[in-house]
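The report that follows looks at aromatic contacts and at one helix packing, for a reader who wishes to check each geometric criterion.

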Amino acid sequence: MFPGLAHRPWHVFFRVSLQGRAPFSQRSPRLPQLCTGGVNGLWFSLPDCRVASSGLLGKVQYYSTSGSSDDGPPKPAPGDAPSAENVLSAAAKATPATAGPLSQGLTKAETIQVKVRAVLKKREYGAKYTQNNFITAVRAMNEFCLKPSDLENLRKIRRRSPHDDTEAFTVFLRSDVEAKALEVWGSQEALARERNLRKEVEREYQENIFRNQQLLKEYKDFWGNTKPRSGPRATFLQGPGKVVMVAICINGLNFFFKLLAWVYTGSASMFSEAIHSLADTCNQALLALGISQSVRNPDAGHPYGFTNMRYIASLISGVGIFMMGAGLSWYHGIMGLLHPAPMESLLWAYCILAGSLVSEGATLLVAVNEIKRSAQLHEVSFYEYVMQSRDPSTNVVLLEDAAAVLGVIMAAGCMGLTSLTGNPYYDSLGSLGVGTLLGSVSAFLIYTNTEALLGRSIQPERVQKLTEFLENDPAVRAIHDVKATDLGMSKVRFKAEVDFDGRVVTRSYLEKQDIDQILNEIQLVKTPEELESFMLKHGENIIDTLGAEVDRLEKELKHRNPEVRHVDLEIL
């Protein structure tokens with residue numbers, strides 16, 4: 001009936017009533033009146049243009065939110081500008097002919113009541129409001145050059161701790177800290193000079209970092225290390241460290257004996273095997289370095305630790321196998337084809353290859369047993385464990401020793417054909433075959449370790465398990481944008497956007513409060529200012545309750561899934 005009402009964004013409520021009137025012919029023509037309303041004594045007038053289109057005349061009742069009972073707009077003071085009603089009335093008198101045709105057929109009038117909802121005035125927050133922000137004691141001492149004794153007399157506030165090992169911690173108001181800094185240093189210029197001086201001292205410390213690290217090590221050795229960590233000895237006595245150390249010893253001996261056999265026989269295949277063992281020894285020494293670095297504790301520069309050092313070492317190892325092992329084997333094989341040379345007795349070469357086959361097989365067996373044990377521990381198959389490169393160090397040893405065993409068999413077969421036929425080309429082809437085998441192994445290692453360093457996702461089944469745990473919690477409505485990244489060495493970082501149920505969070509807050517006291521506070525609320533104070537008090541407490549719910553979910557998620565080391569739940 002009134003299409004204009006549907007497009008009005010104002011927060012007003014209309015009540016339209018139709019009343020009987022005398023025929024239009026018995027009344028003097030006039031234009032529709034204005035819709036007038038006001039908020040806190042401020043009145044506004046809007047022309048009711050819908051009456052002409054609907055065929056009705058408008059009668060307006062006026063309401064004010066200022067508390068007065070006067071029914072009508074405020075009377076203009078002398079000297080004010082003429083109102084819109086007067087202007088339109090004058091226009092109607094000036095053009096009476098236009099009102100006649102437009103008003104025929106109008107038999108009823110409309111009554112529109114306007115009620116305006118009172119709203120709280122929007123507050124502008126400036127830089128002064130942020131002075132109420134909290135600051136920790138460490139930041140206060142670092143950024144404002146204060147001492148612990150300077151903070152003793154400041155106001156202390158206990159807040160919920162973001163760390164898992166502490167329930168709460170003490171913070172200070174930033175405004176109090178800034179005032180104390182000015183009191184201690186006298187002016188902003190003096191504080192800036194002290195900051196610059198401390199930066200110079202820190203730069204000198206960084207320049208002498210190696211000397212300071214040695215002093216720190218001596219200090220820890222004297223007083224004892226406060227944080228227990230697995231030292232290098234324990235690291236290389238079990239698990240992947242043990243496998244790597246066994247491989248280093250065996251491959252080192254194999255290189256020495258194969259090198260002697262190549263010098264004695266001049267066999268290209270034996271040279272390739274010697275280079276193969278040398279490459280394996282160097283690469284596994286690099287793996288040992290990566291393992292020792294990966295167990296270091298996280299620091300400020302590397303908050304997620306050094307676990308990826310194993311993948312980096314394995315990646316470099318794969319490149320080294322390709323360049324040193326495969327490259328030299330191909331080179332020696334091609335030179336043997338281009339310039340064939342007769343070989344001496346191969347008896348000693350066969351004996352050394354047999355010994356290498358036994359030793360490489362033993363190392364391969366150690367690596368296979370370790371991967372089987374780890375695969376059962378993580379509830380995956382042997383093939384999945386290797387393809388996903390969950391333990392890069394053991395993977396490298398496994399693939400290198402498997403390639404070594406196949407290479408020994410290939411080299412022995414080609415040398416046997418050369419002995420039977422007297423044709424040295426078979427020996428050169430064996431060298432090319434060993435190089436191709438090493439190239440394939442290096443390509444697989446480069447691919448798997450690159451994928452791991454890029455941060456691949458965990459299996460969809462595990463992601464579904466983590467998501468279902470969160471969705472089954474009463475405080476969670478939905479989970480969005482889930483990202484579960486494998487950090488390496490069975491460590492997972494989980495991130496998700498969580499849509500919390502505000503009703504459950506509010507009930508959790510109310511369960512810890514005195515309901516009678518809250519009811520009394522509600523009854524005392526009479527003005528908008530008192531309502532604002534009440535809502536600000538409890539609103540901040542509800543936000544703290546929401547933060548506590550986030551902490552609870554993160555702790556439970558880590559407890560139920562030990563592989564999840566880092567959880568980031570963002571409130572949607």
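Is W262 buried, exposed or partly exposed? W262 is partly exposed, at a relative accessible area of 27%, where buried means under 20%, exposed over 50% and partly exposed in between, with a 1.4 Å probe and protein chains only.

This is a predicted model, in which local features need pLDDT of at least 70 and side-chain atom pairs count only at pLDDT 80 or more, while totals for chains, interfaces and linings use all residues. Residues are numbered from 1 along each chain as its sequence is written, and side-chain values use heavy atoms, with hydrogens and water left out.

Rings of Phe, Tyr and Trp (its six-membered ring) pair if their centres lie within 6.5 Å, and planes under 30 degrees apart count as stacked, over 60 as edge-to-face and the rest as tilted. By this rule there are two aromatic pairs.

| Pair | Centre distance | Plane angle | Class |
|---|---|---|---|
| F256 and F257 | 5.5 Å | 70° | edge-to-face |
| W262 and F271 | 4.9 Å | 50° | tilted |

F256 is partly exposed at 47% relative accessible area, and F257 is likewise partly exposed at 42%, whereas F271, the partner of W262, is buried at 15%.

The charged end of R296 sits over the ring of F306, 4.0 Å from its centre, by a criterion that asks for NZ of Lys or CZ of Arg within 6 Å of the ring centre and within 35 degrees of the ring normal. R195 lies over the face of F144, at 5.5 Å from the ring centre.
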